Amino acid sequence: MADDVGELIERLALWRTGDGGYDEVSLRERAIVTLQERGPEVVPVLVDRLDALLADHAAHLERVGAVTAVWDAWYEEGDALVDEHGVGRVFELERYRTVPSDSLPQREPRDEHYQDPYDLKQGLVEALRRIGDDRAAPVFGRALRDRACILHAATALRGTHLDGAVLALLDAAAGIEPDDMAFPEVLRALEHYGATMAQVRARFEAESRPQARVSLMHVMKKLPGDGSGRPADGEIGDALVFLAMSRSATDRYGPLRALKALGTLDPLDASPGEAGDARDPWAPGFGGAVMDAPPPAAAVHAAIVLAAHGKPPGHDGELRRRLRHMAENAPSAARAVTAVLARGPRAADAELELALRLALRLRPDRVAEHLPLLRALHGLTSYPPGRSGALRALWRDGMLFVLMLHEDPALRAEARAVFDDVAEPADRERFAEYEALRPGTWGRLMRRFKRG
């Protein structure tokens, strides 16, 4: 009997059919029918197996999360040390680290090649739902913590009763995106259990994760009622800015559209149709290339202001990390950084400090608008709180030297004027060496020599 049930349980993972056409029944379906015929006696066995799988997956995520947290802290500390001591001294930074590089933890072998048995977990939930025994209600609640099981568990909960189901369902809603196929099923289950706006609002207020706050906002928008207690859209503005800084273009269009609808984004961008625009990427005439575009400068500017003031709470460190990535790779970041720097003394000190740190990561050969950035940095050299940071940015990676030899005569002239204003004797010697050694100099000297 036990062996037979065990074999039927394993078949619950086999939901696919072969080539027998639409009328073919999967092995999962056959196993569920057989288990239904066995009756309530199989319920404890199914519950125990599902509990074991849920616990194993949760333990895997906890172990991997602990390792990832150490690595994230190591990267974060490294970025801060590079900002402080310079990228050229990266190998000398080890002595400043609180987490030595040679002590970084590694994933355990069992986690390295772990495969989530989500098919089997989903099959177990479905089998228990079809059997219809109320003893399965608690395990349905626990299954809501497993992302792979949310849809099936939320459906199953509408056929039974679980004390505390509303809180479990709200936790599940907070763990998925509003466009997840499980989201409508969670909403239906919340309505079934009579969730109130006050309950959702309390869960929303207690949440700090940006994606979770957006998801819970969607719950409040969709939940039936008179609307009292619903937060204003602007209350998730900081979460939307955070999500718009995602490295995945397809993941940021929803937040960008919402931010534009709220009027949150300042008009920093050159034109409404530039790469990174928040319009519908599937609209006619909207090229596929924009799907890979970075966020617009207005969104990056909003993120700088947000992160500078420690927002979103508990996630400002991650937002800073995303901004550093943008500064190194996205042309729009240069415009956003310039916009903050150009405000000079009128900018909050925290915003100015962060913008100056990001300016250190702008690559001179990739800055689309050199002149405004050059003028903003030069202006800050006469403002004591920003002088040292501005000078570091001007000298970083030879930025000022590059601009002094730029092909644009206006930019070249202005860069030389800035140089004359801020350069020390040692800087003039360094520039002379740089100019003498730049590519093409030797060839020009040889041609001049031959003509002579």
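A residue counts as buried when its relative accessible area is under 20%, as exposed when that area is over 50%, and as partly exposed in between. The exercises below apply this rule and others to a predicted model.

**Exercise 1. Describe the overall make-up of the protein chain, from its secondary structure to its surface.**

Solution. Begin with the secondary structure: the protein chain holds 23 helices and 0 strands. Turn next to burial, where buried residues account for 45% of the 452 residues in the chain. For the contacts, take those between residues at least 6 apart in sequence; of these, 65% join residues at least 24 apart. Finally, the accessible surface of the chain comes to about 23400 Å², and carbon and sulfur atoms own 54% of that surface.

**Exercise 2. Determine how R129 and E126 are placed relative to each other in the helix, and classify each as buried, partly exposed or exposed.**

Solution. The side chains of R129 and E126 form a salt bridge, with an N to O distance of 2.8 Å. Both residues belong to helix α5 (residues 118-131), and because they are 3 residues apart there, about one helical turn separates them. For the classification, E126 has a relative accessibility of 15%, which is under 20%, so E126 is buried. R129 has a relative accessible area of 33%, which falls between the two cut-offs, so R129 is partly exposed.

**Exercise 3. Set the salt bridge of R375 and E414 beside that of E108 and R110, and place both within the whole structure.**

Solution. Start with R375 and E414, whose side chains meet in a salt bridge at 2.9 Å from N to O. This pair links distant parts of the chain, since R375 is in helix α18 (residues 370-380) and E414 is in helix α21 (residues 409-422), 39 residues apart. R375, at 47% relative accessibility, is partly exposed, and E414, at 24%, is partly exposed as well. In the other salt bridge, the closest N and O atoms of E108 and R110 are 2.6 Å apart, and E108 counts as partly exposed at 34% relative accessibility. As for the whole structure, a search finds 38 salt bridges. A network of salt bridges also occurs, linking E76, D79, E318, R321, R322, R324, E328 and R361.

**Exercise 4. Find which residues of the largest nonpolar core touch the most other members, and list the contacts of L400.**

Solution. The largest nonpolar core has 125 residues, and L323, L341 and L400 are the ones that touch the most other members. By helix, the greatest contribution to this core comes from α14 (residues 297-308), which gives 9 residues. For L400, set aside the neighbours within four places in sequence; the contacts that remain are with L374, L394, W395, A415, V418, F419 and V422.

**Exercise 5. Classify the ring pairs W395 with F419 and F401 with F431 by their geometry.**

Solution. A pair of aromatic rings is described by the distance of the centres and the angle of the planes. The structure has 9 aromatic pairs by the rule applied here. For W395 and F419, the ring centres are 6.1 Å apart and the planes stand at 85°, so this pair is edge-to-face. The pair joins distant parts of the chain, with W395 in helix α19 (residues 384-395) and F419 in helix α21, 24 residues apart. W395 is buried, because its relative accessible area is 17%, and F419 is buried at 4%.

For F401 and F431, the centres are 5.2 Å apart and the planes are at 55°, so this pair is tilted. Since F401 lies in helix α20 (residues 399-404) and F431 in helix α22 (residues 425-437), the pair ties together parts 30 residues apart in sequence. F401 and F431 are both buried. As a last step, note that W395, F401, F419 and F431, together with Y434, form one aromatic cluster.

**Exercise 6. Identify the arginine that lies over the face of W395 and the one that lies over the face of F204.**

Solution. R430 lies over the face of W395, 5.6 Å from the ring centre. Over the face of F204 lies R213, at 4.2 Å from the ring centre.

**Exercise 7. Decide whether T338 is buried or exposed, and name its contacts.**

Solution. T338 is located in helix α16 (residues 331-342). Its relative accessibility is 10%, so T338 counts as buried. With neighbours within four places in sequence left aside, T338 is in contact with P372, L373 and A376.

How values were computed: Residues numbered from 1 in each chain as written. Predicted model: local features only at pLDDT ≥ 70, side-chain atom pairs only at ≥ 80, totals over all residues. Heavy atoms only, no water. Salt bridge = Lys/Arg side-chain N within 4 Å of Asp/Glu carboxyl O. Buried < 20%, exposed > 50% of the residue type's maximum accessible area, 1.4 Å probe, protein only. Helix = DSSP H or I, 4+ residues; strand = E, 2+ residues; numbered from the N terminus. Core = buried A, V, L, I, M, F, W, Y, C linked by side-chain atoms within 4.5 Å. Contact = heavy atoms within 4.5 Å. Areas by Shrake-Rupley, 256 points an atom, 1.4 Å probe, with all protein chains shown as cover. Phe/Tyr/Trp six-rings, centres within 6.5 Å; stacked < 30°, edge-to-face > 60°. Lys NZ or Arg CZ within 6 Å of the ring centre and 35° of its normal.
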